[in-house]
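Reader: I'm a first-year student, and I'd like a close look at one part of this model: the sheet and whatever goes with it. Please explain the terms as you go.

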Amino acid sequence: MNEPQRPSDETPAGPAGPAGPARHAMPGGKEFPQKLIWVFLACAFGAIALYAWATDYVTLAGERTVYTAACEKGTWVANRCTGMLVPAQRYRFRALKARGEVLFWTIGVPEPSSKYTGCTITSGRDWSCPANADVARTITLTMKAGDPVADPQGRTRAYHSVPKVKWLMLRAGISLGATANE
C-alpha cells in the first residue's frame with residue numbers, strides 16, 4: 001500500500017549512511033554525483049598516461065627509442081622532404097650505467113644487437129661512447145636529453161628523427177607534413 005509521507009526534517013537512510021549516496025552541491029541547489037568525479041579523474045589519468053606513452057616521456061629504465069623517417073620520391077633539403085615522408089627504422093638504445101655500456105639495435109631488423117663499451121653514462125637519455133667496429137650499424141655515439149647527436153666525423157648512419165606519434169601516424173598512412181626533427 002501507500003507509505004506515509006515522512007516529515008521534511010527527516011533524512012532518509014541510504015546505502016552511504018543517513019544522508020544517502022555521496023553528492024556535492026552545485027550552484028543552484030543541484031547535486032553532482034561523486035561517480036562523475038571518479039569518471040572524470042579516470043579519464044584525466046588515462047589522457048596523461050596516453051600522452052606519456054605517445055611522447056616516450058616514460059620508458060623502461062635506461063632505454064631510448066629513436067623513430068626515423070625516410071623521404072620517398074624526393075630528396076632531403078635540410079630537415080624537409082621534397083617528396084613523401086614515410087616511416088623508417090626505429091633505433092633502440094639501452095644504457096647500462098653500472099657497466100659503462102650502451103646496447104643498441106634496430107627494431108624489426110634480423111641482425112644481432114651490438115654494444116658500445118667505455119661509455120660515459122649520466123642516464124638513459126644522456127650518454128656518450130667511443131666508436132667501435134659496429135658504429136656504422138646505428139645513428140649515434142651520443143645521446144643528449146634523449147635526442148641523438150649526429151657524429152661529426154660521419155661514422156654513423158644518416159637519419160631524420162620524428163616524434164613517436166608522427167611515426168605511428170606515418171605508419172598508418174596518415175601524412176603529417178614533410179618535416180623531420182633533424
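Author: First, a term we'll need right away: a polar contact is a pair of N or O atoms within 3.5 Å; within protein, one must be able to donate a hydrogen and the other to accept it, and residues adjacent in sequence count only if both atoms are side-chain atoms. What you're looking at is a predicted model, so local features need pLDDT of at least 70 and side-chain atom pairs count only at pLDDT 80 or more, while totals for chains, interfaces and linings use all residues. Residues are numbered from 1 along each chain as its sequence is written, and side-chain values use heavy atoms, with hydrogens and water left out.

Now find the sheet. It's an open one, made of 5 strands in the order β8-β7-β6-β3-β13, with antiparallel pairing. (Strands are DSSP runs of E, at least two residues, and helices are runs of H or I, at least four, numbered from the N terminus; two strands pair if DSSP finds at least two bridges between them.) Why do β8 and β13 have one side without a neighbour in the sheet? Because β8 (114-116) and β13 (161-162) stand at the edges, and each has a single partner strand.

Stay with the β8 edge for a moment. Its pairing with β7 (residues 101-106) is antiparallel and covers 3 bridges. If you look for Leu103, you'll see Lys115 of β8 standing opposite.

There's also a helix to spot here. Helix α2 (residues 164-171) lies across β3 (63-72), β6 (84-96) and β13. It runs at about 135° to β6. That angle, on a scale from 0 to 180 degrees, is taken between the N-to-C directions of axes fitted to C-alpha atoms, for helices over the stretch in contact, and contact means heavy atoms within 4.5 Å.

Back to that first term, then. Arg64 sits in strand β3, and a polar atom of the Arg64 side chain lies 2.5 Å from the backbone oxygen of Gly146. Is Arg64 buried or exposed? Arg64 is buried, because its relative accessible area is 12% (buried means under 20%, exposed over 50% and partly exposed in between, with a 1.4 Å probe and protein chains only). For contrast, go to the loop between β12 (147-149) and β13, where you'll find Gln153. Gln153 has 60% relative accessibility, so it counts as exposed. Its side chain joins that of Arg155 in a polar contact of 3.3 Å.

Now for the rings. The rings of Phe, Tyr and Trp (its six-membered ring) pair if their centres lie within 6.5 Å; planes under 30 degrees apart are stacked, over 60 edge-to-face, and the rest tilted. The count here is 4 aromatic pairs. One of them is Phe93 with Phe104, a tilted pair at 6.4 Å centre to centre and 40° between the planes. Phe93 belongs to β6 and Phe104 to β7, so this pair links distant parts of the chain, 11 residues apart. Both rings are tucked away: Phe93 is buried at 0% relative accessibility, and Phe104 is buried at 2%. Phe104 also pairs with Tyr116, again tilted, with 4.6 Å between the centres and 35° between the planes. Here the link runs from β7 to β8, 12 residues apart. Tyr116 is buried too, at 0%. Add Trp127, and Phe93, Phe104, Tyr116 and Trp127 form one aromatic cluster.

Last stop: the cysteines. A disulfide is a pair of cysteine sulfur atoms within 2.5 Å, and there are 2 disulfides here. Cys71 is joined to Cys81, with 2.0 Å from S to S. The torsion about that S-S bond is about 80°, so the disulfide is right-handed. Because Cys71 lies in β3 and Cys81 in β5 (residues 80-81), the pair ties together parts that are 10 residues apart in sequence. Cys71 is buried at 15%, and Cys81 is buried at 3%.

The other disulfide joins Cys119 to Cys129, with 2.1 Å from S to S. This link is right-handed as well, with 110° about the S-S bond. Cys119 is in the loop between β8 and β9 (120-123), and Cys129 is in the loop between β10 (126-128) and β11 (142-144), 10 residues apart. Cys119 is buried at 11% and Cys129 is buried at 7%. Number the bonded cysteines in sequence order and you get the pairing 1-2, 3-4.

Definitions and conventions: Pairing = 2+ DSSP bridges.
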